[in-house]
Structures are given as structure tokens and as C-alpha cells.
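Q: Please take a close look at one part of this structure with me, and explain each term as you go.

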Amino acid sequence: MPALACCVDAAVAPPSHAFAGDSSLPAPVPFSGVFPATANTTASAAWSTSLSNELYRIDAWGGPYFTVNSSGNVSVRPYGSGTMPHQEIDLLKIVKKASDPKSESGLGLQLPLIVRFPDVLKNRLESLQGAFDLAIQSQDYGSHYQGVYPVKCNQDRFVVEDIVRFGKPFRFGLEAGSKPELLLAMSCLCKGNPESLLVCNGFKDFEYISLALMARKLELNTVIVLEQEEELDLVIELSKKLGVRPVIGTRAKLRTKHSGHFGSTSGEKGKFGLTAVQILRVVKKLEQVGMLDCFQLLHFHIGSQIPTTALLADGVSEAAQIYCELVRLGAHMKVIDIGGGLGLDYDGSKSSDSEISVSYGLEEYAMAVVRTIRYVCDRRSVKHPVICSESGRAIVSHHSVLIFEAVSASACDVAPSMSAFALQYFIEGLTEEARADYRNLSAAAIRGEYESCLTYADQLKQRCVDQFKEGSLGIEQLATVDGLCDLVSKAIGASDSVRTYNVNLSVFTSIPDFWGIGQLFPIVPIHRLDQRPAVRGVLSDLTCDSDGKINKFIGGESSLPLHELEGNGSGGRYYLGMFLGGAYEEALGGVHNLFGGPSVVRVSQSDGPYSFAVTRAVPGPSCADVLRVMQHEPELMFETLKHRAEECGEVDEDGMANSALATSLARSFHNMPYLSVASSCCLTAMNNHGLYYCSEDDYDIVADSGAAGEEEQWSYCCA
């Protein structure tokens, strides 16, 4: 009998029974839906870290910063291609250091976890500067490059401060697009290079322009870039009132644009910038008030993720022509700001046809910009301008890795076996049409007619569902039919073998661009890469939202190669990393379902035994923190719950039972909203936004012995 027939029998009967009414059939062989392991399919056989590297394209999208080490773990190369073997940092060791309890020399942080590598950030900055320096030298360009970092990409204090510090030797500056970003940039640049640019973009009002002019009074090299024509009147008025000679730029709306989501802000219909007619009016007005010498910068932006250097050169050429025209009209032009657009190869394909890839590297990008500007300016006999860019995505994306854990996985359902009596009862409970489908399915299985098997299985299932809805079929029988149909599909290779891995993460908080615009990021297991991944899976987050899943991956895949979790799919230690997410994701993340941001550690390369040192560790927002975001008051909430506990609880003579309950409630306010794992739960004495929490040792003492008084355990101070 064909194996498929065995499969059908096994789904509804134990091995000693054949189909009802057909005693001539041989005893079926139970079929589990999972093929037995062979020498070629075991986890370790014929597999290597290099195969994992190729499977997940790690060298393609991650080079030169990420690789797989000999232990099968993802390693970080903090100095890029200049990293020595002993300087590589094992990501799994960082996770262990961060999540292990303090009693085991860990930091007691709860996952998810963002790991920042300032050494990678510095290398990216130096690589960008080096690419432009090389292009300028090779093209005999008559000026220099000095970029700015758009703080909107990642406003984290330490990220911005690092960029100012690392960029000080080559006058690297900052770009702001709002009043708080401008305040941030002003403060940070007080410690930067005096020649560093402070580019003020975005829509502006009286206060924004006043603040930018104050920055010039503070001797910061500030440029007010006009996004709207009417902003010029405010600049003229306020500069006279404050007695400040401004430096003015304008953002031009180019005709050049690229297609796709990231090109939607470019072209004549773009959200920002001035048309040629408006730019001419700006020149005329500045000339009328004797301020044309203040007009010194031209800014443009083709769009993020510019796919090719040909498109880049086209846009830069158009902008360079406008620059030369402004020089001809008498403006004292000095800087051409080419904006953002320097793209990342998120999938390692180096393709110009993908919105998540680009067909060039840093050196090619810089060469295209310098060559084009030089060509246009030389033809027009215009002095070569300072070249500025706002390449935030390219600077910060690599330096941050999001680590999260798969806490469980869906199991392969197997239909319950049935006794001969139960089998007969099941068949008799079916309608005549359903029994006919059952007999036809059996016959088709014996003949090996796979398409017919699927047809009869689907018909049988639908008839049983109809019976269940009518109340004439029990849930046990319905489950048996479901299992039968699943096994038939698996046996003929028509089933969906993709598993669902439940991850301790909120997509809306930590990967909002995936949900919002379909942006794909490389996601890879950070360990066990010396083992063959045995299954394919999609990722489901913790939120109560059907969109809280990741079912699209780089390479056009709808599932990800994954390893089986330890412990049969529940409770296994399985860590995944999302890479190249250092730009935008943290700033855009929300608090859907009141899941806050991840914990954060800052890791630098060191010469110690593990090649790294954690220089800063910040626990993720607690339940109390995210409640405050939505205007709740955790202190009052706790008092309300404590009062209810006093009313409802059984209290002994000393009130210790009530005290332990209050302690447990307060601990819930203190912990992160994510699922807790024993090794990562740790309470520490800290003043967190007005709440004072006891230490873990204190908690254990209270819970076990009830020795401390309630007011001693938990108290509140003014925030």
C-alpha cells in the first residue's frame, strides 16, 4: 500500500486497525509528518559556519563589520576591515553579560536589548570622510568635504556626542530639523570644532529662527536653510532686531527624482524646498535689503536610498548648475549641501532595482559627487565649493544591533489516535456525503492519486466543519479531521511547513519601519550558526495585533531559516539579531500595547579576555515608565491597588501577607513590560522617575520572612 494510505490510516486509527469495513488492508505505518533524520539532514552533518554566512548573506550586507566566528556566533568587527582577529567581539557573550543576574557577574538587564558599538560609529564616520578625501585628492578638487549628521536619524545623547567628538578633527557638524533638535545640536557643538556646520532645516517659526540666530551669537557656524519662501521675511526681521548677520541657505526643488517610497519627497512636487522662481525672488529680496552676501549655501535632497551613482550624478549636476547661477547673480556662495541619499545595501544584493539595496559603495558615491561638481564648476569658471552631505543612515545604521529572544514556537499538530470503537463511532457520526468523501480519500490514497486526495480531504473537512457548526459533531472528531487533512497535505508535500516563532519583542516599538513602510532589515540567529537550521519560520511579536509579525525577509523570502528551540519548542534560549537598524527605528517606535523600548548597552572594544567592555548600561522603560507616557500616575495607581489589597486580603497579626502583596505589586510596576526570564529578572535599588524600588535581596527577604515593615519596603519621593 502506498505510504499515503498508511498516513491516512494512521491519522484516525492505531497501527493495529485499518479502515472500517476493509479488513484486507495491511496494518498502517504511523506517519508523523516529519521525515526521519538521515546522515545528510542532521543538525551538524555537512554544515559549517561558512554555509551559514552564505545562507544569511552576512558578509554581503554586514561586511566589514559582522561575520560568523568559529564558535558559530555572530561577531562584530569594530574597526571594519582593520579589525584584528583578537579584537572581534562575540555578540552572544555580550548578551550573556547583559542578561545574567548580578549575582553571576552580569548586569541583570532584561531583553530585548540594543547593543551600541561606538567603535563602529567612529569607523563609519572616518570611512565616509576618507572616501571624500580620496575623491577630492584624485580629482584635484579645489575645496574640501565637511559633512553634517542629521540628528533625526538617532537623537540619542551618546550617539550625537560621539559623532561630534569623533568628527571634530575633520569639522563634522550637525543638522537639525526642529527646535528641540536645534537645542540639542547647539549644546553638543559647543564641544565640537568651531568650523563645524550647524545646518538648520525644517519648517521654521519666529522662535526657531530666533534660536538659530542666537546660535550665531554663540559663535556656532550656523546656517538657516529656507524651506519656504516666507521664512526669509522672519530671518531678515529678526536678524536686524538681534543685531546678527545671518548665514542663509535655501533648499532647491530639483527636477531630478527617483521612483519608489524614498523618492517621494523629491522632484517638483516634493514636500520641501523652493522652485527656481522662488529662489530668484529670494535673491532679489536679499539684494534689496543689502544681505545678498549672507546667501552662502545651496541645499537639495533627491531622496533616501539613491539606487545608482548615475541618478546621483544627474541630481548633483542640476544642483551644481543652480549653484553656479547663484554665484553669477551675486550671492556669496560657499557650500553645496547634497543632502542625504547615501544608501545602504540591506540585503547584500548590490542591486539598483531594489528599494533596500544600492549598487555602489562609499568610494563610488563620493567620487560621483566630487567629479560632477568639479565638472560643472570648471565649465562655469566657478570656484569649487565646500561639499557637505547629510548622510545619517549610512553613518549610524551599522553601529546598533537589536537582540531579542524566541520564547516559543508553534508545534506540528498530530491527530489523536482512536480505538476501533471510537473510529467506528467517528465514521457513523458523519453525514452520508462526508462518509463518501472518507471512502474516496482512502481509495485515492491507495491508488496514489495525490490531487484527488487533497480534493476529498478538503471536502471532508468542510462537511465536518458544517456539522460542527450545527452541533452534530464533537470537537474531538473535528480535531481528528483537522489532523487527517494536515497529514495528507504533509505527505504529498502540499502543506505549509513554516513554523511561527514567538519572540519577546514589539515590532511597533523596535522595528516600526517594517510595519509602517515595509522596510526590511537583516534578521539572523546570533548563535548556533555552526548547525544546520532545520526549519523555516516567521516571527510573531508580543502585541495583541495581527500586524505584529515579521513574515518578509531580505532576499524576497517569506520565512527565515531557523533552528529548533531547545526544550521541544518552549523555553529554549534562542537569540536573534536585527542588524542595520541604528537609524530611525528608536525615534519612530511607539508604545503599542504599552511595550516600551529595549534595554541598551554601550560596548567598546578592549584588550581584556572577552575583547569588550560595557561602558554604559540602561534598563529598558519599566511598566511605570510607559504608563506615564499615557498620562497615568503609577504612584497613585499603586496606592489604589494597595488600598484594595488591604480591603480584600487576608492579613495576619503583623500585616505581613498584605505587605508581601504590596511588594509584589510594586515589583510589577518596576519590571519591563516584556516577558520575564529568570536569568534576566533583577531588581535594583534605584530612583526611577519618582518611584523608589527595593533591591532583589530585600524583595526575597520580604516575600520569604515578612520581616520588614511596609513603609520600609516601599516609599515614594517627589519626582
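A: Helices (H or I, at least four residues) and strands (E, at least two) are DSSP runs, numbered from the N terminus, while axes are lines fitted to C-alpha atoms, for helices over the stretch in contact, with angles running from 0 to 180 degrees between N-to-C directions. This is a predicted model, in which local features need pLDDT of at least 70 and side-chain atom pairs count only at pLDDT 80 or more, whereas totals for chains, interfaces and linings use all residues. Residues are numbered from 1 along each chain as its sequence is written, and side-chain values use heavy atoms, with hydrogens and water left out.

The part to look at is the pairing of helix 8 (residues 206-217) with helix 9 (residues 231-242), whose axes lie 10 Å apart and make an angle of about 45 degrees. The two helices are therefore oblique to each other, a word for angles that are not under 35 degrees (roughly parallel), over 145 (roughly antiparallel) or 65 to 115 (roughly perpendicular). Their crossing is right-handed, meaning that the near helix is turned clockwise from the far one by less than a right angle.

Contact here means heavy atoms within 4.5 Å, and helix 8 contributes Phe 206, Ile 209, Ser 210, Leu 213 and Lys 217, while helix 9 contributes Glu 231, Leu 234, Val 235, Leu 238, Ser 239 and Leu 242. These residues divide into seven nonpolar, two polar and two charged, where Ala, Val, Leu, Ile, Met, Phe, Trp, Tyr, Cys and Pro count as nonpolar, Asp, Glu, Lys and Arg as charged, and the others, Gly among them, as polar.
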